[in-house]
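Pull up the model and keep it turning while you read. We'll go from helices to strands and finish where the chains meet.

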Amino acid sequence: MPPETRILAEGVTVAYGEKIALDSVTFEVSGPGIVQVVGPNGAGKTTLLKTIIGAVKPLKGSIRVEVGDLGRLDNPYEVIGYVPQYFSPPQYNPMTVYEFVEASARLRLGRKVSNSVMLGELVEDALKDCRIPPSFYQSRLSELSGGMLRRVLLARAIVFKPRVLLLDEPFTFLDSEASRIIADLIVEYSRDSLVVVTTHEPLLLYEATRTVMVLNRRILAVGEPDEIVPKLYDLMGSSWVA
Amino acid sequence: MHKGFTVIALSSIIAAALLSLRYPASWAIGMGLAGAAYGALSSILHARGLLFVAGASPHVALASAGISSLIVMDAGTAWLVLSLAIGVSIIMAAGYMIERGFNADDAAAFMASLSSTAAVLALYRLSAIGGDVAGLIIGDPLLVGVGELVVLSLSTLAIIIALAVGGWRMIYIGMMREESLLGPTKSLAWSMILYLVLGLATVGMLRIVGYVLEHVLLLLPGIIASQAVSGWRRGLAASAIIGLSASITGLIVAVNFDVSPSGASGAILVLLFLMAHVIRGGAPWRRGGSA
């Protein structure tokens with residue numbers, strides 16, 4: 001039985017200059033399982049994820065991450081894997097898919113990985129888990145399609161087996177088949193970990209979702225998918241198109 | 001490593017040795033080391049997408065060299081130390097701002113503008129009092145003394161070791177910004193080492209390579225290498241070999257045709273750049289944005 005992981009936010013307010021991005025946001029979510037954060041563009045979804053990892057400091061309030069056996073964490077980033085919404089590798093970057101995932105494992109695990117065989121196994125497991133064919137291992141990142149790049153980013157985030165996985169709009173720019181593949185990977189990973197996904201397409205992960213949170217700078221609603229998704233049009237108006 | 005690059009590296013070393021039988025060995029050693037150091041650095045700068053910063057660094061080098069020349073009129077060790085202190089500090093300060101979230105292009109634009117202004121003011125004054133302005137701009141590897149050669153050799157060694165050991169960290173951290181912002185302090189340290197190396201190379205080797213050619217040596221080897229190999233280690237090695245071979249070939253052309261060694265090396269790199277693009281996928285002006 002995987003340990004329970006919780007994210008607790010209390011009165012979190014974030015502003016960029018004069019513009020309020022998050023306004024007194026309070027919630028508690030727990031896993032293993034999927035939490036979907038739904039909201040229109042500019043609702044503060046990315047800001048919320050960045051505040052959880054500590055990249056954005058709140059003006060007021062606090063967010064903390066608790067992992068059952070580790071308790072409250074001073075630096076939650078150690079247990080969080082994060083996949084940003086936008087990622088575009090420099091055109092002349094020679095780093096390969098394998099090297100990229102390996103770099104993530106080496107940087108995050110450091111001395112916990114005692115030898116190169118163990119490191120290689122971790123990298124290959126992550127690549128296999130994300131259905132990346134071996135023929136892509138030596139491809140450069142800049143040569144990949146959008147769908148394959150998403151899978152590589154996911155492999156990079158899960159290679160050190162984080163207890164919390166934060167995915168910022170993982171289906172952006174993907175066709176339906178690529179979205180399906182990513183959705184399956186997310187569902188699989190959520191069996192042992194808390195996965196927080198910001199999205200405009202909550203139906204892709206509907207069956208496996210534990211909690212849906214509707215955000216528009218403030219928390220508009222939090223609950224189970226059956227309770228929240230039917231109300232999305234009422235909550236979000238014309239920005240919600242099912 | 002691609003066999004072709006091994007052959008090119010060995011040929012360049014043999015050519016340098018043969019050249020040294022007829023001319024002072026410091027010429028080939030100076031040019032070869034500078035070319036290899038800049039080549040290796042070029043690969044990592046491309047992988048990090050720091051081209052604007054790379055392009056702005058020679059401006060800082062010129063400004064710091066100009067200011068140092070005004071303070072210490074003799075181009076000896078004191079001049080080099082002062083020049084390095086000014087230039088490396090500015091480049092590392094800009095690098096720190098970038099690593100803490102400041103837009104890289106904004107930081108580079110500010111660094112280039114500030115240092116260009118300072119360079120013009122310093123060089124104007126320097127030319128008025130009879131200082132060697134042309135030497136800083138054009139560079140002259142043939143004037144390298146034994147002391148400078150030792151400094152150059154140690155710098156090149158340090159640059160290549162730093163990049164070979166920490167290159168993967170520098171590249172990865174550059175792509176995944178949050179690692180630098182939130183990861184262990186070591187992440188920031190490795191990025192700062194890259195800026196330190198960039199400062200050492202651009203400021204420390206200015207008199208050999210020259211302000212103008214520093215741009216070419218920082219910008220082109222990485223692109224040319226990336227057309228031929230995949231993988232950061234192979235990219236680093238290929239880029240260093242391209243820098244080395246272009247510099248040695250340039251020196252051979254220079255001594256035979258009485259042209260500037262740095263200029264000849266630059267012309268060879270430009271030709272290699274065009275050839276690499278044509279071989280890889282047709283003329284660059286007939287294709288879209290990607291290589």
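At what angle do the axes of helix H2(A) and helix H3(A) cross, and within what distance do they come? In this predicted model, the answer is roughly 120°, with the axes of H2(A) and H3 (residues 116–129) of chain A coming within 10 Å. Angles from 115 to 145 degrees fall outside the perpendicular and antiparallel ranges, and H2(A) and H3(A) are therefore oblique to each other. The crossing of this pair is right-handed. On the H2(A) side, the contact includes A:Val97, A:Tyr98 and A:Val101, along with A:Glu102 and A:Arg106. H3(A) answers with residues including A:Leu119, A:Gly120, A:Leu122 and A:Val123. Sort the residues of the contact between H2(A) and H3(A) by type and you get 10 nonpolar, one polar and three charged.

H2(A), which spans residues 97–109, has another helix to deal with: it packs against H4(A) at an angle of about 30°, their axes 8 Å apart. That angle makes H2(A) roughly parallel to H4(A). Here too the crossing is right-handed. Look for A:Val97, A:Phe100, A:Val101 and A:Ser104 in H2(A), which meet A:Val152, A:Leu153, A:Ala155 and A:Arg156 in H4(A). This contact divides into six nonpolar residues, one polar and one charged. A:Val97 and A:Val101 turn up in the contact with H4(A), and they also belong to the contact with H3(A).

Now follow H4(A) over to the strands. Helix H4 (residues 146–158) lies across E6 and strand E7 (164–168) of chain A, and it runs at about 165° to E6(A). Those two strands belong to an open sheet of six, ordered E6-E7-E8-E3-E9-E10 in chain A, with mixed pairing. At the edges sit strand E6 (80–83) and strand E10 (218–223), each pairing on one side only. Ignoring direction, neighbouring strands of the sheet are turned by 15° against each other on average. Further in, E3 (residues 33–38) and E9 (residues 209–216) of chain A run parallel and are joined by five bridges. If you want a spot to zoom in on, A:Ile34 stands opposite A:Thr209 in E9(A).

Walk back along the chain from E3 and there is a bit of backbone worth a look. A:Pro32 sits in the loop between E2 and E3 of chain A, and the peptide bond leading to A:Pro32 from A:Gly31 is cis, with omega near 15°. Before that come E1 (residues 5–16) and E2 (residues 19–31) of chain A, paired in the antiparallel sense over nine bridges. One of the matches puts A:Arg6 across from A:Ser30 in E2(A). The two strands make a hairpin with two residues between them, and A:Gly17 in the turn has a positive phi of about 65°. A:Ser24, in strand E2 of chain A, has a positive phi as well, near 50°, in a residue other than glycine.

Finally, zoom out to both chains. The contact takes 29 residues from chain A and 30 residues from chain B. About 2,500 Å² is buried between chain A and chain B, and carbon and sulfur atoms give 62% of that area. On the chain A side, A:Tyr92, A:Pro94 and A:Leu107 supply 29% of the area buried against chain B, more than any other three residues.

Key:
Residues numbered from 1 in each chain as written. Chains lettered and ligands numbered in written order. Predicted model: local features only at pLDDT ≥ 70, side-chain atom pairs only at ≥ 80, totals over all residues. Heavy atoms only, no water. Pairing = 2+ DSSP bridges. Helix = DSSP H or I, 4+ residues; strand = E, 2+ residues; numbered from the N terminus. Axes fitted to C-alpha atoms, helices over the stretch in contact; angles between N-to-C directions. Contact = heavy atoms within 4.5 Å. Parallel < 35°, antiparallel > 145°, perpendicular 65-115°, else oblique. Left-handed = near helix turned anticlockwise from the far one by under 90°. Nonpolar A, V, L, I, M, F, W, Y, C, P; charged D, E, K, R; others polar. Buried area = accessible area lost by both parts, 1.4 Å probe.
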